[in-house]
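Q: Here is a model I would like to go through in some detail. Please take a close look at one charged side chain and its partner, and then work outwards to the other parts that can be described in a similar way.

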Amino acid sequence: MASVSTYLNFPRNTEEVFNFYKSVFGGEFGGDGISRFGDIPPSDDMPPMAEEDKNLVMHVELTILGGHKLMATDAPETMGFQVIKGNNVYINLEPDSREETKQLFDALSEGGVVTMELQDMFWGAYYGSCTDKYGINWMFNFAQNQ
C-alpha cells in the first residue's frame, strides 16, 4: 500500500535523536530496529568504510501521530555528506508500483536536480532522489517484494 513519510538526515547523532523522539511519542522502532552502515554488504564499487562509521545509523523509523512515520539516517562528512538546515529533510514517497515511482520521479525532478537516479538497491527497492524546482527534497522507494 502506498505511503508517505518524512525522512531526516543528521550528521552523526541519529540514534540519540530517535531515542529522544521515542521517549516523546512512545512505541518501538519499526522493521528490524536500527540498521547500521556496517550491515551494508561490501561492494567493489564502494571504497572501504571507515571503522568509526560502521556503527552509525543507516536507517531507523518510528511511527508517531496518526500513523505518520519519521525515518532517518546518519549523513557524516566522511561519506561525502554535508548536513545543513534545509537539506536534512525529505518527503519520502513509497508508491504502489515501479511505473508510478518512475512517473512521480520524472515529474518532480523536471526542472530540478536529480541527486540519485532511480535504480535497484541492495535492500530490494527501486530507489532514487531529487530536489524539485522549488527546492523541496524527495525520496522514492518502491519495495519490489510487495
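A: Glutamate 28 is a suitable place to begin: its relative accessibility is 61%, so this residue counts as exposed. The model is a predicted one, and what follows should be read in that light. The partner of glutamate 28 is lysine 22, and the two form a salt bridge in which the closest N and O atoms are 3.3 Å apart. Lysine 22 has a relative accessible area of 24% and is therefore partly exposed. The pair thus joins an exposed carboxylate to a partly exposed lysine.

Glycine 27 belongs to the same neighbourhood, since lysine 22 is one of its contacts. This glycine is located in the loop between H1 and S2. Once neighbours within four places in sequence are set aside, glycine 27 is in contact with Lys22 and Leu62. Its C-alpha atom is also separated by 8.1 Å from that of isoleucine 64, a residue 37 places away along the chain.

The salt bridge between lysine 22 and glutamate 28 can be set beside others, as a search of the whole structure finds seven salt bridges. In general, side chains of opposite charge can pair when their charged atoms come close. One of these pairs is lysine 69 with glutamate 61, where the N to O distance is 3.3 Å. Lysine 69 is partly exposed, because its relative accessibility is 32%, while glutamate 61, at 14%, counts as buried.

A further salt bridge is made by the side chains of arginine 12 and aspartate 53, at 2.6 Å from N to O. Arginine 12 sits in the loop between S1 and helix H1 (14-25), and aspartate 53 in the loop between strand S2 (35-36) and strand S3 (57-63), so this pair ties together parts that are 41 residues apart in sequence. The two ends also have their own accessibility classes: arginine 12 is partly exposed at 38%, and aspartate 53 is buried at 2%.

Aspartate 74 is a charged residue without such a partner. It is buried and has no salt bridge; the nearest side chain of opposite charge belongs to arginine 36, 6.1 Å away. That distance is beyond the 4 Å cut-off used for a salt bridge. The residue is placed in strand S4 (residues 69-74). What lies by its side chain instead is backbone: the nitrogen of valine 57 is 2.7 Å from a polar atom of the aspartate 74 side chain, and the nitrogen of asparagine 13 is 3.1 Å from a polar atom of that side chain. Beyond its neighbours within four places in sequence, aspartate 74 is in contact with residues including Phe10, Arg12, Asn13, Phe37 and Val57.

Phenylalanine 10, one of those contacts, lies in strand S1. Its relative accessibility is 14%, so it counts as buried. Apart from residues within four places in sequence, it is in contact with Val17, Phe18, Ala72, Thr73, Asp74, Ala75 and Val83. By contrast with this list, glycine 31 is 21 residues further along the chain, and its C-alpha atom is separated from that of phenylalanine 10 by 20 Å.

Strand S1, residues 3-10, also holds valine 4. This valine, together with Ile91, Tyr134 and Ile136, makes a nonpolar surface patch of about 400 Å².

Asparagine 141 is found in strand S8, which covers residues 137-143. With a relative accessible area of 14%, asparagine 141 is buried. Its side chain and that of tryptophan 123 are joined by a polar contact of 3.0 Å. Other residues touched by asparagine 141, not counting those up to four places away in sequence, include Asn92, Leu93, Glu94, Pro95 and Tyr127.

The last residue to consider is lysine 133, in the loop between strand S7 (125-131) and S8. Its relative accessible area is 55%, so it is exposed. Outside the four places on either side in sequence, its contacts are Leu108, Glu110, Gly111 and Gly112. Serine 109 is 24 residues from lysine 133 in sequence, and the two C-alpha atoms are 7.3 Å apart.

Definitions and conventions:
Residues are numbered from 1 along each chain as its sequence is written. This is a predicted model: local features need pLDDT of at least 70, side-chain atom pairs count only at pLDDT 80 or more; totals for chains, interfaces and linings use all residues. Side-chain values use heavy atoms; hydrogens and water are left out. Helices (H or I, at least four residues) and strands (E, at least two) are DSSP runs, numbered from the N terminus. Buried means under 20% relative accessible area, exposed over 50%, partly exposed in between (1.4 Å probe, protein chains only). Lys and Arg count as positive and Asp and Glu as negative; His and the chain ends are not counted. A polar contact is a pair of N or O atoms within 3.5 Å; within protein, one must be able to donate a hydrogen and the other to accept it, and residues adjacent in sequence count only if both atoms are side-chain atoms. Contact means heavy atoms within 4.5 Å. Patches are made of residues with over 30% relative accessible area and no salt bridge: like charges are joined within 9 Å, nonpolar side chains (Val, Leu, Ile, Met, Phe, Trp, Tyr) within 5 Å. Accessible areas come from the Shrake-Rupley method with a 1.4 Å probe; for residues, only the protein chains shown count as cover.
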